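User: I'm new to this one. Please walk me through it.

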Amino acid sequence: MRLLKTPTVLPGFNISLGITVLCLSLLVVLPFAMMAVSAAQAGFAAWLDTVSEPRVLSAVWLTLKMSLLATLANVVFGTLTAWVLVRYEFPGRALANALVDLPFALPTAVTGIALATVYAPGGWLGRLFPFKIAFTPLGIWIALVFVSLPFVVRAVQPVLEELSGEYEEAAATLGANRFTVFRRVLLPEMLPALLMGAGMMFARATGEYGSVIFIAGNVPKVSEILPLIIIGKLEQYDVQGASAVALFMLLISFAILMALNIGQWALGRRAGAKA
């Protein structure tokens with residue numbers, strides 16, 4: 001049985017496909033499968049009891065809520081950042097472009113310590129606010145916004161670079177205001193990239209640990225994130241419990257990412273049909 005319906009001029013398809021499948025199986029599928037097996041050893045009833053604990057459900061809700069809020073914030077500010085970097089020339093533009101990737105380069109623990117120091121009640125910025133930022137859910141949100149900003153910027157930036165500014169000038173010449181230009185000209189082109197960046201960013205935010213642990217405060221049912229629950233169970237040698245919670249979060253994240261991918265596919269198909 002032929003794997004390709006039509007011949008290809010590129011050599012080495014079969015061996016490349018085999019290596020790809022092997023790498024994905026060893027690095028992605030196998031760890032997730034072992035986690036599912038570990039969680040299933042205690043039975044479905046025990047798994048359900050573990051993931052339905054009030055402390056776990058509170059951590060799940062807090063993690064998902066803060067990840068979603070960080071995603072929404074970065075969809076706006078990340079798009080704006082990409083727009084400025086692509087459309088404008090200004091002193092320090094190269095430095096600003098490099099700083100976007102700083103959250104990727106910094107160790108997450110360094111990020112968490114730095115944010116906790118700045119936003120602590122006695123920190124440089126924390127002392128300026130009448131309310132507490134560090135060691136609250138607000139601090140978690142700030143940390144997630146910081147570490148996930150590059151995903152949207154780097155997803156939207158190539159689209160804006162390929163989209164000539166002449167389209168916007170033509171729309172403005174025809175009488176369209178700035179909002180109409182964004183809604184009718186820019187947004188349809190950026191939307192698939194925005195969905196991809198938002199999905200990757202949400203996945204990163206839900207599993208973020210190092211940058212959040214120092215600024216969260218980790219108060220049960222208040223500012224305790226789900227990765228901390230998993231680490232706590234592992235420290236108590238409750239591997240099955242940790243696997244159960246991790247599997248529960250994996251299922252939720254997978255469902256959300258699948259919905260985003262379906263939306264991206266539908267948008268691409270509709271754009272292809274119009275073309």
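Analyst: One term to begin with. A helix here is a DSSP run of H or I with at least four residues, and helices are numbered from the N terminus. With that in hand, Y237 sits just after α11 and takes a positive phi of about 60°. Keep in mind that this is a predicted model.

User: Let's zoom out for a second. How many helices and strands in the protein chain?

Analyst: Twelve helices and zero strands. Along the sequence, the pattern is α-α-α-α-α-α-α-α-α-α-α-α.

User: What box do the C-alpha atoms fill?

Analyst: Roughly 70 × 65 × 30 Å, taken along the principal axes. The protein chain has 275 residues, and 35% of them count as buried. Contacts reach far along the sequence too. Among those with a separation of 6 or more, 74% join residues 24 or more positions apart.

User: Which residues does UniProt list as "domain: ABC transmembrane type-1"?

Analyst: Residues 60-260, according to an unreviewed UniProt entry. In the model, that stretch is 77% helix and 0% strand. Its end C-alpha atoms are 20 Å apart.

User: And which residues does the "transmembrane region" annotation cover?

Analyst: The unreviewed UniProt entry gives 66-86, 98-121, 133-153, 209-232 and 244-267. Take two of them. Residues 133-153 are 81% helix, with end C-alpha atoms 26 Å apart. Residues 209-232 are 58% helix, and their end C-alpha atoms lie 12 Å apart. Strand is 0% in residues 133-153, and also 0% in residues 209-232.

User: Back to helices. At what angle do α3 and α11 pack?

Analyst: About 140°, with the axes 8 Å apart. Helix α3 covers residues 54-87, and α11 covers residues 226-235. On the α3 side, the contact uses R55, V56, A59, V60 and T63. On the α11 side, it uses L226, P227 and I229.

User: What classes do the residues of that contact divide into?

Analyst: Six nonpolar, one polar and one charged. Several residues of α11 are buried: L226, P227, L228, I229, I230 and K233.

User: T63 came up. Is T63 buried or exposed?

Analyst: T63 counts as buried because its relative accessibility is 4%, and the cut-off for buried is under 20%. T63 is in helix α3. Setting aside neighbours within four places in sequence, T63 is in contact with T206, I225, L226, P227 and M249.

User: Changing topic. How many cavities of 30 Å³ or more turn up in the whole structure?

Analyst: One. Its space is about 50 Å³. T63 shows up again here, in a lining that also includes L62, M66, S67, I140, L144 and P227.

User: Which helices each supply at least two residues of that cavity's lining?

Analyst: α3, α7 (137-162) and α9. The largest share, four residues, comes from α3. By class, the lining has eight nonpolar, three polar and one charged residues.

User: What about the largest pocket? How much space lies in it?

Analyst: About 410 Å³. The pocket is lined by 18 residues, and the closest to its centre are W83, E168, R178, F182 and L186. α3, α8 (165-173) and α9 (178-206) each supply at least two lining residues. The lining has eleven nonpolar, three polar and four charged residues.

User: So α3 keeps coming back?

Analyst: α3 packs with α11. α3 also lines the largest cavity and the largest pocket.

User: Last topic: that positive phi. Why point it out?

Analyst: Because most residues other than glycine have a negative phi. Y237 is not a glycine, and its phi is near 60°. K221 is another such case, with a positive phi of about 65°.

User: Where is K221 found?

Analyst: In the loop between α10 (210-216) and α11. Y237 lies in the loop between α11 and α12 (239-274).

User: Buried or exposed, for K221?

Analyst: Exposed, because its relative accessibility is 54% and the cut-off is over 50%. Y237 is exposed too, with a relative accessible area of 75%.

Key. Residues are numbered from 1 along each chain as its sequence is written. This is a predicted model: local features need pLDDT of at least 70, side-chain atom pairs count only at pLDDT 80 or more; totals for chains, interfaces and linings use all residues. Side-chain values use heavy atoms; hydrogens and water are left out. Axes are lines fitted to C-alpha atoms, for helices over the stretch in contact, and angles run from 0 to 180 degrees between N-to-C directions. Contact means heavy atoms within 4.5 Å. Ala, Val, Leu, Ile, Met, Phe, Trp, Tyr, Cys and Pro count as nonpolar, Asp, Glu, Lys and Arg as charged, and the others, Gly among them, as polar. UniProt positions are given in the numbering used here, feature names are shortened, and annotations may be inferred rather than shown by experiment. On a 1 Å grid over the protein atoms alone, a cavity is a set of points where a 1.4 Å probe fits but cannot get out, and a pocket is an open set with protein on both sides within 12 Å along at least five of seven lines; lining residues have an atom within 4 Å of a point. Grid points are joined across faces, edges and corners, and a volume is the space filled by probe spheres set on the points. Buried means under 20% relative accessible area, exposed over 50%, partly exposed in between (1.4 Å probe, protein chains only).
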